[in-house]
Amino acid sequence: MLEGLKRLEYRGYDSSGVAVWTENGIKQTKRKGRVVELETALGDDLGGTLGISHTRWATHGDVTATNAHPHTSSDGKFALVHNGVIENYVGMKNFLIEKGYSFKSQTDSEALCNLIAYHYTKEEEEQESAGKNRFLESVRKSLRHVEGTYGIAVICTDYPGELIGARKGSPLILGLGKGENLLASDVNAITHCTQNVVYLNDNEVVHLSNDDFAITTVSCQSVEAVIHQVDWDTSETELGDYKHFMEKEIFEQPTSLQNGMRGRFSDDASTAVFGGLNLTPQELRQIDRILFLACGTAWHSCLVAEYLIERFARIPVEVEYASEFRYRNAPLDKNTLVVAISQSGETIDTLGALREAKRKGYRTLAINNSVGSTIARESDGGIYQHAGPEIGVASTKAFTSQIMICAMLALYLGRLRDLSYGDGVEIVKALKKVPAQVEQILEQNDHIAAIAKRYSKYEDCLFLGRQLMFPIALEGALKLKEISYIHAEGYPAAEMKHGPIALISEECPSVFLATNGETFHKSLANAQEVKARKGKIICIATEGCDIPEGLADETVLVPEAHEIVTPILMSIPVQLLSYHVALERGCDVDKPRNLAKSVTVE
Ligand code: AGP
């Protein structure tokens with residue numbers, strides 16, 4: 001369990017705990033802070049062979065050992081771990097207090113644990129006479145009262161060797177091992193024990209022991225399990241010689257980008273091919289609008305997709321924050337294709353938006369890095385990124401691989417319409433060169449680290465870029481703020497003069513992203529406006545760009561390339577810059593404060 005928790009720590013890391021079934025009742029240990037605190041407290045022997053554990057990202061209640069999971073029922077019979085949010089927990093809690101149950105924590109999860117205990121006691125005679133498993137029945141019955149989302153695992157003192165799990169809205173995976181079975185919210189937590197997994201669906205309940213399992217729905221229908229083989233190389237989730245996962249993942253990009261392209265070009269190398277779109281070329285030609293949905297970094301990938309698809313395929317594209325789309329009730333055309341981008345495939349805002357689009361009858365596609373994730377399974381078709389597991393909370397290789405997939409999608413859709421054979425061949429050539437070009441940029445690591453040293457003390461920073469560089473500016477600002485806690489803003493360079501220019505001073509440097517192209521000289525003019533106000537300038541540009549002497553305080557150059565791949569190339573220095581600034585400031589780059597890798601609550 002501790003190994004699993006460590007592998008899951010990127011999902012939440014403010015406190016953790018375990019509960020183990022023993023003959024003397026449930027033995028529980030919880031600690032505030034990282035899993036290592038829990039490990040120290042536990043010593044060598046957990047004292048049992050059945051247990052549940054959790055590493056928390058706080059939603060309801062402060063970060064304390066008491067609010068950490070597992071939670072136990074006030075009669076001590078049940079222990080539960082929970083991901084998600086029980087929206088009606090206040091009413092549930094009041095009801096249970098009236099019935100004599102007491103509460104130790106401020107969490108919504110404890111209410112569900114006590115509700116299970118309540119049903120267990122209440123239904124005793126009825127269920128025994130019906131020959132049913134009381135433990136299972138009381139979990140099922142309680143779940144029928146839950147409004148909200150959950151991925152849970154529960155143990156009961158009266159049922160040695162039995163574990164019950166259930167999901168709705170939050171991921172839950174059953175691992176089938178040798179002489180042991182496991183439950184986890186992410187395959188990454190169990191691949192060191194087994195590669196055989198069953199992805200549970202919403203409203204399913206799994207009842208397991210070390211050598212058996214059965215899946216039913218909350219309303220008691222039996223479910224046939226589909227066993228998948230996870231083909232992950234477990235070393236992919238280990239640090240190796242790197243200091244941080246973020247560093248490792250930045251340096252893995254030549255490989256992750258190569259993997260995203262493998263086998264995905266046509267024989268004549270003039271277009272991309274995708275196996276899982278589940279849409280014929282005829283159907284794709286009828287699409288007259290594409291709506292992209294995502295959150296955070298993945299949303300920035302969507303903005304790149306907007307530029308690329310409109311430019312090369314001439315299809316109008318809209319980009320929405322998934323969390324906004326779901327409740328906005330936007331009117332959409334019937335020939336709209338909805339594309340969700342998500343590294344984890346479990347982000348609840350993106351999943352909610354995808355479900356809303358499906359409910360309205362739109363065709364949906366997912367661009368996703370986690371095979372078997374909920375978003376991948378629920379969309380009508382999709383493209384896997386094949387970037388390998390991303391552990392660092394700050395997304396790096398997943399971002400560039402999403403952009404790569406979007407560039408290939410733009411090429412594919414373009415070639416179904418008006419993009420010429422010759423233009424297609426040029427683009428394929430440009431895409432194939434990217435891994436080597438990224439390798440070249442990574443060689444500037446020391447140069448970028450030296451720049452980061454000079455700029456790590458500033459508390460504000462602007463990232464400015466035009467056209468395709470605008471989303472990269474947004475991503476640069478997000479990277480810097482999420483791992484180094486520096487206030488940073490991304491803007492279209494020309495927008496700066498409409499307000500943000502007021503921030504420019506000696507105390508606020510600007511990162512300019514400028515590539516050779518039609519807006520290059522206009523970007524330089526924007527940089528001059530910064531210079532004139534004594535703002536320092538870090539210029540990230542393509543080789544061969546004519547940057548006037550003395551304009552930039554620092555310069556990083558990336559190889560000249562076809563415009564379709566420039567967003568990928570320009571992302572690399574931006575990632576390295578924020579990584580090194582965060583290191584200089586002594587920040588925990590892989591586990592930045594307040595964040596979690598995949599956000600499975602709304
Ligand atoms: C990126 O650095 C962030 N940690 C975050 O914005 C992330 O991209 C977002 O939460 C979406 O995650 P997803 O791609 O797994 O859906």
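Is Thr 217 buried or exposed in this structure? I would like to start from that residue, and I should say at once that what we are looking at is a predicted model. At 16% relative accessibility, Thr 217 counts as buried, because the cut-off for that word is under 20%. The residue is found in strand S12, which covers residues 213-217. If we set aside the neighbours within four places in sequence, Thr 217 is in contact with Arg 140, Asn 203, Glu 204, Val 205 and Val 223.

Let me follow one of those contacts, Arg 140, into the salt bridges. Arg 140 forms a salt bridge with Glu 137, and the closest N and O atoms of that pair are 2.6 Å apart. Both residues belong to helix H6, residues 134-143, and because they are three residues apart there, about one helical turn separates them. Arg 140 counts as buried at 4% relative accessibility, and Glu 137 is buried as well, with a relative accessible area of 11%.

A second salt bridge brings together the side chains of Asp 202 and Arg 167, at 2.8 Å from N to O. Asp 202 lies in the loop between strand S10 (196-199) and strand S11 (204-208), while Arg 167 sits in strand S7 (residues 163-168), so this pair ties together parts that are 35 residues apart in sequence. In their exposure, Asp 202 counts as partly exposed at 22% relative accessibility, whereas Arg 167 counts as buried at 1%. These two residues also belong to a network of salt bridges that links Arg 167, Asp 202, Arg 355 and Glu 378.

A further example is the salt bridge in which the side chains of Glu 252 and Lys 248 meet, at 3.2 Å from N to O, and here Lys 248 is buried, with a relative accessible area of 7%. For the model as a whole, the count comes to 24 salt bridges.

Let me now turn to the sheets, beginning with an open sheet of five strands in the order S16-S15-S17-S18-S19, where the pairing is parallel. At its edges stand strand S16 (317-321) and strand S19 (381-384), each of which pairs on one side only. Neighbouring strands of this sheet are turned by 20° against each other on average, with direction ignored.

Within that sheet, strand S15 (residues 289-294) and strand S17 (residues 336-342) run parallel and are joined by five bridges; one detail to look for is that Arg 289 has Thr 336, in S17, as its bridge partner. Helices lie across these strands too. Helix H10, residues 296-312, lies across S15, S16 and S17, and runs at about 170° to S16, while helix H12, residues 348-359, lies across S15, S17 and strand S18 (363-368), running at about 165° to S17.

Further along the chain there is an open sheet of five strands in the order S21-S20-S22-S23-S24, and its pairing is parallel. Strand S21 (487-492) and strand S24 (554-558) are at the edges with a single partner strand each, so one side of each has no neighbour in the sheet. On average, and ignoring direction, neighbouring strands here are turned by 15° against each other.

If you look at strand S22 (residues 510-514) and strand S23 (residues 537-542), you will find them paired in the parallel sense over five bridges, with Cys 539 in S23 as the bridge partner of Phe 512. Helix H19, residues 566-584, lies across S22, S23 and S24, and its direction is at about 150° to S23.

That helix brings me to my last topic, the cavities. How many cavities of 30 Å³ or more does the model hold? The count comes to three, and I will describe the second largest cavity, in which about 80 Å³ of space lies. Its lining is made by Tyr 455, Tyr 458, Asp 460, Cys 461, Leu 480, Ile 486, Pro 509, Ile 538, Leu 577 and Val 581. Strand S20 (460-465) and helix H19 each supply at least two residues of that lining, and H19 is the helix that we have just seen lying across S22, S23 and S24.

Notes: Residues are numbered from 1 along each chain as its sequence is written. This is a predicted model: local features need pLDDT of at least 70, side-chain atom pairs count only at pLDDT 80 or more; totals for chains, interfaces and linings use all residues. Side-chain values use heavy atoms; hydrogens and water are left out. Helices (H or I, at least four residues) and strands (E, at least two) are DSSP runs, numbered from the N terminus. Buried means under 20% relative accessible area, exposed over 50%, partly exposed in between (1.4 Å probe, protein chains only). Contact means heavy atoms within 4.5 Å. A salt bridge is a side-chain nitrogen of Lys or Arg within 4 Å of a carboxyl oxygen of Asp or Glu. Two strands pair if DSSP finds at least two bridges between them. Axes are lines fitted to C-alpha atoms, for helices over the stretch in contact, and angles run from 0 to 180 degrees between N-to-C directions. On a 1 Å grid over the protein atoms alone, a cavity is a set of points where a 1.4 Å probe fits but cannot get out, and a pocket is an open set with protein on both sides within 12 Å along at least five of seven lines; lining residues have an atom within 4 Å of a point. Grid points are joined across faces, edges and corners, and a volume is the space filled by probe spheres set on the points.
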